[in-house]
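The exercises below are meant to be worked with the sequence and the coordinates open. Try each task before reading its solution.

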Amino acid sequence: MSAAFPLGRIGRRGALGLLAVAGAQLGMIGAAAAAPATRVEVWKDPSCGCCEDWVRHMRAAGFEVTVREVADVRLVKAARGVPEALQSCHTAVVGGYVVEGHVPAADVRRLLAERPQARGLSAPGMPPSAPGMDISGTPYEVVLFGGADGDRTWARH
């Protein structure tokens, strides 16, 4: 018998029980690690480089992103109900919400966790400091839009 693991005290059945519990816990950790990524579908102009940078930002944050290149993204925005004042260069859909423009991945995660009654989030225009634009120093807001109480600030960056 080893002094490091005194089997005599817990017996073989106890040791097997410990191994079973440890194996189950490792299985749960593996299952959590293997959980599918949250899917994001993005519509963008084929020549837009900043949209590609935002897609990389979302992928780096663990999202599974599918890109749809379209000649006229305005049609997608209209179909998804994005108000003209909140429009940006690309439009995405995730978890039933619209994500317009360069919204940070953390704001999207919060949206999916809190699930507010709204159409989605927007980083209106093309804020220089937003993910994918990456020119620091310019504050911007992310707007929750399409809710019963109207549009409101979701986050300030």
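A polar contact is a pair of N or O atoms within 3.5 Å; within protein, one of the two must be able to donate a hydrogen and the other to accept it. The model used here is a predicted one.

**Exercise 1. Place Arg 115 and describe its surroundings.**

Task: State where Arg 115 lies, how exposed Arg 115 is, and which residues Arg 115 is in contact with, leaving aside neighbours within four places in sequence.

Solution.

Step 1. Find the element. Arg 115 is in the loop that links α4 (105–114) to β5 (120–123).

Step 2. Classify the exposure. Partly exposed covers the range between under 20% and over 50% relative accessible area. Arg 115 has 42% relative accessibility and therefore counts as partly exposed.

Step 3. List the contacts. With neighbours within four places in sequence left aside, Arg 115 is in contact with Gly 95 and Tyr 97.

Step 4. Look for a polar atom pair. A polar atom of the Arg 115 side chain lies 2.9 Å from the backbone oxygen of Gly 95.

Step 5. Set sequence against space. Gly 96 and Arg 115 are 19 residues apart in sequence, and their C-alpha atoms are 9.7 Å apart.

**Exercise 2. Examine the backbone of two loop residues.**

Task: Find the sign of phi for Arg 115 and for Asp 134.

Solution.

Step 1. Start from the general expectation. Most residues other than glycine have a negative phi.

Step 2. Read the first residue. Arg 115 is not a glycine, yet its phi is positive, at about 50°.

Step 3. Read the second residue. Asp 134, also a residue other than glycine, has a positive phi near 60°.

Step 4. Place the second residue. Asp 134 sits in the loop between β5 and β6 (141–145). Its relative accessibility is 56%, so Asp 134 counts as exposed.

**Exercise 3. Trace the sheet.**

Task: Give the strand order of the sheet and name its edge strands.

Solution.

Step 1. Write the order. The sheet is open and has 7 strands, ordered β2-β1-β3-β4-β5-β6-β7, with mixed pairing.

Step 2. Find the edges. β2 (64–69) and β7 (152–156) are the edge strands, each pairing on one side only.

Step 3. Add the twist. From one strand to the next, the twist averages 20°.

Step 4. Check parallel pairs. β1 and β2 are parallel and share 6 bridges; Glu 41 stands opposite Thr 66 in β2. β4 and β5 are parallel over 4 bridges, and Gly 101 is opposite Ala 123 in β5.

Step 5. Check antiparallel pairs. β5 and β6 are antiparallel over 3 bridges, with Gly 120 partnered by Phe 145 in β6. β6 and β7 are antiparallel and joined by 4 bridges; there, Leu 144 has Arg 152 of β7 as its bridge partner.

**Exercise 4. Find the hand of two crossovers.**

Task: Which hand has the unit made by β1, α2 and β2, and which hand has the crossover from β4 through α4 to β5?

Solution.

Step 1. Take the unit of β1, α2 and β2. This β-α-β unit is right-handed.

Step 2. Take the second path. β4 and β5 pair in the parallel sense. The β-α-β crossover that leads from β4 through α4 to β5 is left-handed.

Step 3. Locate α4 on the sheet. α4 lies across β3, β4, β5, β6 and β7, at about 130° to β7.

Step 4. Inspect β5. Gly 120 and Ser 122 on one side are buried, as are Leu 121 and Ala 123 on the other, and both faces of the strand are covered.

**Exercise 5. Assess a lysine and two cysteines.**

Task: Is Lys 44 buried or exposed, and how many disulfides does a search of the whole structure find?

Solution.

Step 1. Place the lysine. Lys 44 belongs to strand β1.

Step 2. Apply the cut-off. Buried means under 20% relative accessible area. Lys 44 is at 0% relative accessibility and so counts as buried.

Step 3. List its contacts. Beyond neighbours within four places in sequence, Lys 44 is in contact with several residues, among them Cys 51, Glu 52, Glu 69 and His 90.

Step 4. Turn to the cysteines. Cys 48 counts as buried because its relative accessibility is 15%. Cys 51 also counts as buried, at 1%.

Step 5. Count the disulfides. The search of the whole structure finds 0 disulfides.

Key: Residues are numbered from 1 along each chain as its sequence is written. This is a predicted model: local features need pLDDT of at least 70, side-chain atom pairs count only at pLDDT 80 or more; totals for chains, interfaces and linings use all residues. Side-chain values use heavy atoms; hydrogens and water are left out. Buried means under 20% relative accessible area, exposed over 50%, partly exposed in between (1.4 Å probe, protein chains only). Contact means heavy atoms within 4.5 Å. A disulfide is a pair of cysteine sulfur atoms within 2.5 Å. Two strands pair if DSSP finds at least two bridges between them. Axes are lines fitted to C-alpha atoms, for helices over the stretch in contact, and angles run from 0 to 180 degrees between N-to-C directions. A crossover is right-handed if, with the strands pointing away from the viewer, the path from the first strand over the helix to the second runs clockwise.
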